[in-house]
Amino acid sequence: MKRRDFVKNSALASSLPIAMGALKSLAGDATSANPVSRPPGSLTWLEGGAPSVSAGPVWGQPWPQGMHSPKTAFSLQNAEGQSIPVQTWPTAYWPDGSVKWTAHASAERAGFSGQYTLKPGKSAAPESRVRVRERGKEIQLDTGVIRVTIPRSGAHIISEMRRGKKLLGRDAVLVAMAQDGAEAESMTTLSHFESDIKQVSVEQDGPVRAQIKIEGLHRNKSRSWLPFTLRIAAHAGADALQISHTFVFDGEPEADFLRGLGLRFSVEMHDEPYNRHVRFAGENGGLWAESPQGITGLRRDPGEAVRKAQVDGRATPPLSEWSKRVTDRLHWVPVWNDYTLSQLSANGFQIKKRTRAGHAWIDSDQGKRSAGSAYVGGASGGILFGMRDFWQLHPVQLDIRSAGASQAEATLWFYAPEAPAMDVRFYHDGLGQETYEDQLDALDITYEDYEPGFGTAQGIARSSDVTLVLMDSTPSRDEFNQWAEAIRLPGQLVVDPHTMLNSGVFGGLWSLPDYSSSEHKAIEDRLNWSVAFYHNQVDQRHWYGFWNYGDIMHTYDSDRHVWRYDVGGYAWDNSELSPDLWLWYSYLRTGDATTFRLAEAMTRHNRDVDIYHLGRFKGLGTRHNVQHWGCSAKQLRISTATYRRFHYFLTADARTGDVLDEVINADVQLANVVPTRKISGKKGVPTKARIGVGTDWGSAAANWLCAWERTGDPAYRKRLADAMQVIGSQPYGFFTGVFGYDTTTHQLIPPADPSPGISHLSAVFGLVEVCAELIQLIDDPEFRQAWLDYGRYYNAPDEVQAAALGKPMKGNSLTVAHSRLTAYTAAQENDPELARRAWQEFSREWGGKKPLQTLSLSGPDVLNPVDEAAWVSTNDASQWGLAAIQNLALVGKYLGE
């Protein structure tokens, strides 16, 4: 059966619901509730309604092979039929050179529409295109509304920020603080650092969107460290800058303890102190709003019009219209210069202020979760600034200093200096595990793979997204909250699931939701339930924090009623068993916003924190552990592009693109960090480096595939085709297991005396998905047959395996997960009997009988009220979910037979 037949047989009529929208109660029916309508061929906002404001949307669009050339121009129309300026660039290509994915940026001045249509044609021109002017030692970025100047060297990432001709801000700089001890009593030195620019490049120069990339280090007189990459983007006609910041920790975990990391800039204060304003975002639209020199609540009343103007953020009437009893004594009213909002946990923030340094801080207010935005300026203009995922990435902090002076200073802290210093030391002393034998014995009890010197954070990264809005007046309360919401959760345009499916991207391993029978409904309900359960667990279990947000836990402890956060290899998941794939495929088929945001947060976490970006383990990822960097298993299966390419193609996120580039040649590390170094008795290979045909080669192949489709470079196709030829030519195909490997030529070298073997992990880290795409893209009959044989025989009865391979296989567990391999072979070979076997395998460990409900716990058994489903683990969610999704797509018509 060909891919187009899969689509034809599994796609539902466009009138059926395709998005979960707001998921219902976990204990109840998990099907659609208030779904977002995504008509075929449309672009809609992920969460439904159009945003009130936006710094400028960017999104990805898939295309069927052969439909459009890279030179095709595109036009964008809103729901009212108006043409909207749009900028287009290709992000992936099909083997015939046609575009596979395009990315787009739009610019609107008159409000956003709820729905759009993208089609070939000349784009409307923006009223005023965004321009990039390269002038010797600096670059100017001009949207037609605002203009910023970016130096090519020095400390300042932005030297001037203007709206029209008016200077609003200047001297934006990255700042860091570090101490040499984790606790105050062990600290002897606190050092301060500023950004030092090494390279500036123009990545996009309009007409709708421009983007500047800045790379550098943090330095002081004695040291340069903490590499950073920062991008500044702006859209035509926009008054906002989008800033993406990534830093890499390259310090010594035992000696370098970050105390603060942030972005600081000055704001020109043009108005009188009583016409200046400070705003902080609370939660759910809450707003803290005051003036540095308040004239409300005084013993003498300046007048209702004066008071109302200050509260609203407008210029007050002239002093001559105030009560003289106030104006004569205005110099006695203190000016509050300094303000801080600190969010040191996921569940509490504090606002405080003081008149000036050297005097006491006064507590102002508290709340639970700040949206993470602030404003400082006057009635004639200022800067609104904020950070995405603010409280989720705690500890974070917003500082405003010198609000009563001619220049105020604002600092957005990605890591708050009011929090304890960042401590990334390994969490135990090794417990005497000096030999491989001891380490393997310890693995048998805690599931932790420890090795001295391997549990290091040196080389991991973290990203923060910031928005600066250059305003010509103090924003109204409603406008401030609109921007705070847009910064907290940027609006994302998305393609509808029908269009996505019919484009043929991602291997044809998914279909649209199908509730046509009780059997189908039972599977769809559990798929929906699983997403809802993990979505709620993130919040109930507080899976938040600077290094943690976006990840999930691996396994549950039903005795303590907690996830095993402190037990070796059972804690943070780090992409173990492919939850990334489960969530992204779930989103593709449903268009559900909750699923997308879970997958997006996971990608933004694991692309940075779970992968090494420099140093000894560069290009490798870390297996599941109590700390994201703790396990000594540094492997390709975690860093693979398989998990990140969804996010890149759907959003065109440049940071994710950077990481995809970083891992292209990560396979060379197989010669330096041998995955099986602790295991004796492995069959020999004719080279120093070894490559397992499953988790190793599947990951490397995904890296090359992604590089090939993104660049069109035939060198990457050759790597893939050569490896496919070697695997397909072996008598045991994928059952060969391990090959020799030449890391210089990226060539697989067959073992001299091959014998069949099996690993239950080979196919559960993206191998299924990458092989489906390779078969779709590269014609190699022997490779295709080798993969189909693997799917037919992995779960086959012993006698069938023995007849095909000479002996029955041992170690072939994860039966449900591998039922999708059986299903793939059944679909490819049009084998109804094998299709029925796939569903039998799928039902062995579940059978549709596990209850889709949770136990609600409260009282002395738990710290906080939580929902518990003790049977759920990463395997139950991600591998079951992937098997369900792919079986429905491949052999769904045989379900129930």
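Thr640 is buried, at 0% relative accessibility. The structure is a predicted model. Thr640 sits in the loop between helix 10 (636-639) and helix 11 (645-651). Beyond its neighbours within four places in sequence, Thr640 is in contact with Ser699, Ala702 and Asn703.

**Nonpolar cores**

Nonpolar side chains tend to be buried together in soluble globular proteins. In this model the largest nonpolar core has 230 residues. Those with the most contacts inside that core are Phe280, Phe385, Tyr585, Trp697, Phe734, Leu774 and Trp787. Apart from this core lies another, of 14 residues. Among its members are Ala240, Phe480, Ala484 and Ile487.

What does Tyr585 touch, leaving aside its neighbours within four places in sequence? Its contacts are Phe506, Leu509, Trp510, Phe646, Glu769, Leu882 and Ile885.

Phe506, one of those contacts, lies in the loop between helix 6 (497-503) and helix 7 (518-540). Its relative accessibility is 1%, so Phe506 counts as buried.

**Backbone exceptions**

Most residues other than glycine have a negative phi, and most peptide bonds are trans. The residues and bonds below go the other way.

| Site | Feature | Angle | Place |
|---|---|---|---|
| Asp171 | positive phi | near 55 degrees | strand 12 (residues 166-179) |
| Phe506 | positive phi | near 60 degrees | loop between helix 6 (497-503) and helix 7 (518-540) |
| Gly206 to Pro207 | cis peptide bond | omega near 15 degrees | Pro207 in the loop between strand 13 (190-205) and strand 14 (209-219) |
| His394 to Pro395 | cis peptide bond | omega about 5 degrees | Pro395 in the loop between strand 24 (381-387) and strand 25 (396-401) |

Is Asp171 buried or partly exposed? Its relative accessibility is 27%, so Asp171 counts as partly exposed. Phe506, in contrast, counts as buried at 1%.

The cis bond between His394 and Pro395 has a contact partner in Leu344, which touches both residues. Leu344 is found in strand 20 (residues 338-345). Leu344 and His394 are 50 residues apart along the chain. Their C-alpha atoms are separated by 5.6 Å. Leu344 also touches Val396, Ala416, Glu418 and Ala419, not counting residues up to four places away in sequence. At 37% relative accessibility, Leu344 is partly exposed.

**Helix packing**

Two helix pairs are described here. Take helix 7 and helix 8 (residues 579-590) to begin with. Their axes are 12 Å apart, and they pack at an angle of about 120 degrees. That angle makes helix 7 oblique to helix 8. The crossing is left-handed. On the helix 7 side, the residues that meet helix 8 are Glu524, Leu527, Ser530, Val531 and Tyr534. On the helix 8 side they are Trp582, Leu583 and Arg589.

Now take helix 18 (residues 815-828) and helix 20 (residues 874-891). How do their directions relate? The axes cross at roughly 15 degrees and come within 8 Å. Angles under 35 degrees count as roughly parallel, so helix 18 and helix 20 are roughly parallel to each other. This crossing is left-handed. Helix 18 makes the contact through Val816, Ala817, Ser819, Arg820, Ala823, Tyr824, Ala826 and Ala827. Helix 20 makes it through Gln879, Trp880, Leu882, Ala883, Gln886, Asn887, Leu890 and Val891. Leu882 links two parts of this report: it is in the contact with helix 18, and it is also in contact with Tyr585.

**Cysteines**

How many disulfides does the structure hold? The count is zero. A disulfide needs two cysteine sulfur atoms within 2.5 Å. For Cys706, the closest cysteine sulfur is in Cys771, 16 Å away, so the two are too far apart for a bond. Cys706 is buried, with a relative accessible area of 2%. Cys631 is buried too, with a relative accessible area of 0%.

Note on methods
Residues are numbered from 1 along each chain as its sequence is written. This is a predicted model: local features need pLDDT of at least 70, side-chain atom pairs count only at pLDDT 80 or more; totals for chains, interfaces and linings use all residues. Side-chain values use heavy atoms; hydrogens and water are left out. Buried means under 20% relative accessible area, exposed over 50%, partly exposed in between (1.4 Å probe, protein chains only). A nonpolar core is a set of buried Ala, Val, Leu, Ile, Met, Phe, Trp, Tyr and Cys residues joined through side-chain atoms within 4.5 Å. Contact means heavy atoms within 4.5 Å. Axes are lines fitted to C-alpha atoms, for helices over the stretch in contact, and angles run from 0 to 180 degrees between N-to-C directions. Helices (H or I, at least four residues) and strands (E, at least two) are DSSP runs, numbered from the N terminus. Angles under 35 degrees count as roughly parallel, over 145 as roughly antiparallel, 65 to 115 as roughly perpendicular and the rest as oblique. A crossing is left-handed if the near helix is turned anticlockwise from the far one by less than a right angle, and right-handed if clockwise.
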